[in-house]
Amino acid sequence: MAQYSFGSGLLFGRNLQNSPATPVRFGALQDVSIDISFSVKELFGQSQFPLAIGRGTGKITGKANFAQFNAQAFNDLFFGLTNPATGSQVTVSSESKSVVSNAATATNNATYLRDLGVTLNSDGSVLTRVTSGPTAAQYTVNESTGAYGFNLANATVVLLNYQYTDASNGKLITISNQLLGNAPTFLAVFTETFQAKKFTMVLNSCMSSKLALATKLEDFTIPSFDFQAFADSAGNLGTMSQEE
């Protein structure tokens, strides 16, 4: 009986430098493409078609689109930095605050990180940040305390945009400027099952060249991950197994 393939399958990656390495799965996988190609060289005489064709260099490239964000996957398979730290930088958008005596304080003032702007709730006017002595259309902020200062004729409501740190929740990857040539290598395993028959492809050594994050109105963000395979120390690219 012939073997067929249906659906996106499963894709796993495992960093080859870490020991022990934590395997990661590309969650909510949308699609995977693995392309194997070679260059060719044709030998021509006086006729239109070649007399002989020789196969030249080859390459294996892959691309995966997946919807589930995974800090371990981003770090181990793309950035290749130290393990993600516990904690996160949280962005607050349009936090409503009543200005009392020309002052307001961010809710998360104890771990305030940075200012991202202030607008008036009444008409959406954007206020200009100044160092001191704000006028009616300006504000000040102490980024050590999350305290804002204004100069408003009447009591009003402002919308604060800022970031604060959460030391207990989430994962934080610090993206450093590494030397040229540094990149994580990983083992990639793709498998798919249809009608109880499995197809599995293992690529022994891979390196990623691109990680793309594109948002879209009224749609999910689907990160795109490009990678390329190369020979391992034994000269092998990988294996392909199927039941037919």
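Is serine 101 buried or exposed? Select serine 101 in this predicted model: the residue is exposed, with a relative accessible area of 70%. Serine 101 sits in the loop between β5 (85-98) and β6 (103-105). Check the backbone there as well, since phi of serine 101 is near 55 degrees, a positive value in a residue other than glycine.

**Whole chain**

Zoom out to the full chain. Its secondary structure consists of one helix and 15 strands. The C-alpha trace spans about 85 × 50 × 40 Å along its principal axes. The radius of gyration is 27 Å, whereas a compact globule of 244 residues would have a value near 18 Å. Colour by accessibility: 31% of the 244 residues count as buried. The exposed surface comes to about 15100 Å², of which carbon and sulfur atoms supply 52%. Of the contacts between residues at least 6 apart in sequence, 65% join residues at least 24 apart.

**Strands β3, β4 and β14**

Select strand β3 (residues 29-43) and strand β4 (residues 52-66), which run antiparallel and are joined by 13 bridges. One place to look is lysine 41, whose bridge partner in β4 is glycine 54. Then select arginine 55 and phenylalanine 38: the charged end of the arginine sits over the phenylalanine ring, 3.8 Å from its centre.

Now add β14. Six bridges join β4 to β14, and these two strands also run antiparallel. Glycine 62 has phenylalanine 227 in β14 as its bridge partner, and phenylalanine 227 leads to the next stop.

**Aromatic rings**

Show the side chains of Phe26, Phe66, Phe69, Phe74, Phe186, Phe225 and Phe227, which form one aromatic cluster. The whole structure holds 14 aromatic pairs. Phenylalanine 69 and phenylalanine 74 are edge-to-face because their planes stand at 80 degrees, with the ring centres 6.0 Å apart. Phenylalanine 69 is partly exposed, at 49% relative accessible area, whereas phenylalanine 74 is buried, at 11%.

Turn next to phenylalanine 186 and phenylalanine 227. This aromatic pair is edge-to-face, with 6.1 Å from centre to centre and 65 degrees between the planes. The pair links distant parts of the chain: phenylalanine 186 belongs to strand β12 (residues 186-194) and phenylalanine 227 to strand β14 (residues 224-230), 41 residues apart. Both rings belong to buried residues, with relative accessible areas of 2% for phenylalanine 186 and 5% for phenylalanine 227.

**Strand β9**

Select threonine 140, in strand β9 (residues 138-142). Threonine 140 counts as buried because its relative accessibility is 16%, below the 20% cut-off. What is threonine 140 in contact with, leaving aside its neighbours within four places in sequence? Its contacts are Val130, Thr131, Ser132, Pro134, Ala147, Tyr148 and Gly149.

**Backbone stops**

Most residues other than glycine have a negative phi, and most peptide bonds are trans. Two further sites are worth selecting with that in mind.

Select glutamine 195, in the loop between β12 and β13 (197-212). Its phi is near 55 degrees, a positive value in a residue other than glycine. Glutamine 195 is partly exposed, with a relative accessible area of 47%.

Finish at serine 19 and proline 20, which are joined by a cis peptide bond with omega about -5 degrees. Proline 20 is found in the loop between β1 (10-15) and β2 (24-25).

Conventions. Residues are numbered from 1 along each chain as its sequence is written. Side-chain values use heavy atoms; hydrogens and water are left out. Rings of Phe, Tyr and Trp (its six-membered ring) pair if their centres lie within 6.5 Å; planes under 30 degrees apart count as stacked, over 60 as edge-to-face and the rest as tilted. Buried means under 20% relative accessible area, exposed over 50%, partly exposed in between (1.4 Å probe, protein chains only). Helices (H or I, at least four residues) and strands (E, at least two) are DSSP runs, numbered from the N terminus. A charge sits over a ring if NZ of Lys or CZ of Arg is within 6 Å of the ring centre and within 35 degrees of the ring normal. Two strands pair if DSSP finds at least two bridges between them. The radius of gyration is taken over C-alpha atoms; the globule rule is 2.2 Å times the number of residues to the power 0.38. Contact means heavy atoms within 4.5 Å. Accessible areas come from the Shrake-Rupley method with a 1.4 Å probe; for residues, only the protein chains shown count as cover.
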